[in-house]
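I am opening a notebook on this structure and will go through it strand by strand, then pocket and core.

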Amino acid sequence: RIVRDPTDSAHLVAQATWGLASSLDDGATWQWSCAAAFDVDPRMEDPRIAFLPTGDLYLTTFGGLYATADQCSYAADADPRFGGYPIDLATDPLGGLFVALNVAFETDELWYREPSGAWTLRGPVGTNEDLVDTLVVAPSDPAHVYTGGGSIRQPDLSRRIFVQHSRDAGRSFETTYLERRGEEYAIHVLQVDPLDPDVLWAWRVYTSPSPRTRTRSRIPSSAC
């Protein structure tokens with residue numbers, strides 16, 4: 001994932017397993033921050049990132065949310081009621097921040113950070129058998145929120161993958177289960193069409209008798 005600083009169009013940040021790469025000249029040159037700076041184990045974690053309208057960068061880690069204004073110093077920033085770990089995050093056009101939270105052996109949760117900085121629990125996501133992996137918000141209508149993932153808490157033979165679609169800013173979701181291919185464990189939601197909030201682009205990675213295959217799918221509203 002590569003994100004652009006809304007306060008400086010030449011400032012880009014790219015996430016990677018070993019840390020973050022940042023550019024101040026629109027990608028011409030890059031510098032990197034090691035994962036230890038924000039308490040991430042590069043052998044196990046791949047933090048997701050998002051910019052707030054203020055230019056503050058937020059990251060998901062197993063230890064919670066971290067924020068930085070300068071990519072030199074990082075500080076934990078999370079509601080004390082968080083009972084799991086943040087797996088993905090996405091900003092909305094109103095300046096808020098959605099965070100999908102994995103909760104062990106319970107239903108995952110969706111939290112929302114108001115532009116004022118206050119955190120609220122929007123609601124549960126899916127069932128306690130489903131594990132959310134990715135999260136996106138429609139740029140044209142922040143009421144449309146999507147998550148993607150898989151039921152990896154179930155035995156291998158009964159796993160399923162899913163897309164969830166909310167039309168009320170994450171307070172409730174409709175779930176569509178998709179056919180699992182090979183060793184596929186989840187579907188990754190990538191982005192929502194910039195003009196049509198009912199059209200979602202998703203990424204599927206699965207193994208089969210042939211070499212590993214990657215497929216990008218356009219999912220219309222009729223499927224979600």
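Entry 1, strand β2. I began with the burial of β2 in this predicted model. Five of the five residues of β2 are buried, so the strand is largely enclosed by the rest of the structure. I then checked its two faces: L12, A14 and A16 lie on one side, V13 and Q15 on the other, and all are buried. Both faces of β2 are therefore covered.

Entry 2, partners of β2. I looked up the pairing with β1 and found an antiparallel arrangement over three bridges. Within it, R4 has L12 of β2 as its bridge partner. With β3 (residues 19–23), β2 also runs antiparallel, and five bridges join the two. Here A16 stands opposite G19 of β3. I noted the connection as well: β2 and β3 make a hairpin, with two residues between them.

Entry 3, the open sheet. I next asked in what order the four strands of the open sheet stand. The order is β9-β10-β11-β12, and the pairing is antiparallel. β9 (85–91) and β12 (119–125) are at the edges with a single partner strand each, so one side of each has no neighbour in the sheet. I also took the twist: on average, neighbouring strands of this sheet are turned by 25° against each other, direction ignored. For background, strands of a sheet pair through backbone hydrogen bonds, in either the parallel or the antiparallel sense.

Entry 4, inside that sheet. I picked out β10 (residues 97–102) and β11 (residues 108–113), which pair in the antiparallel sense over five bridges. The bridge partner of F98 in β11 is Y112.

Entry 5, the nonpolar core. F98 came up again when I listed the largest nonpolar core, which has 14 residues. Together with L110, V132, L135 and V145, F98 touches the most other members. I traced the supply of this core to strands: β9, β10, β11 and β13 each give at least two residues. The largest share, three residues, comes from β13.

Entry 6, strand β13. I therefore checked how far β13 is enclosed: seven of its seven residues are buried, so the rest of the structure largely encloses it. Its pairing with β14 (residues 145–150) is antiparallel, with six bridges. In β14, G148 is the bridge partner of T134.

Entry 7, the largest pocket. I recorded a volume of about 1100 Å³ for the largest pocket. Its lining has 40 residues, and R1, V3, I49, L89 and L135 are the closest to its centre. L135 is thus on two of my lists, since I also have it among the core residues that touch the most other members. Which strand gives the most to the lining of this pocket? It is β9, with six residues. The strands that each supply at least two lining residues include β1 (2–4), β2 (12–16), β13 (131–137) and β17 (187–192). By class, I have 26 nonpolar, seven polar and seven charged residues in the lining.

Entry 8, R180. I closed with R180, placed in the loop between β16 (174–178) and β17. Buried or exposed? R180 is partly exposed, because its relative accessible area is 22% and buried requires a value under 20%. I also checked a contact across the chain: the C-alpha atoms of R180 and I161 are separated by 6.2 Å, while the two residues are 19 residues apart along the chain.

Definitions and conventions:
Residues numbered from 1 in each chain as written. Predicted model: local features only at pLDDT ≥ 70, side-chain atom pairs only at ≥ 80, totals over all residues. Heavy atoms only, no water. Pairing = 2+ DSSP bridges. Axes fitted to C-alpha atoms, helices over the stretch in contact; angles between N-to-C directions. 1 Å grid on protein atoms, 1.4 Å probe; cavity = no way out; pocket = protein on both sides within 12 Å on 5 of 7 lines; lining within 4 Å. Points joined across faces, edges and corners; volume = space filled by probe spheres on them. Nonpolar A, V, L, I, M, F, W, Y, C, P; charged D, E, K, R; others polar. Core = buried A, V, L, I, M, F, W, Y, C linked by side-chain atoms within 4.5 Å. Buried < 20%, exposed > 50% of the residue type's maximum accessible area, 1.4 Å probe, protein only.
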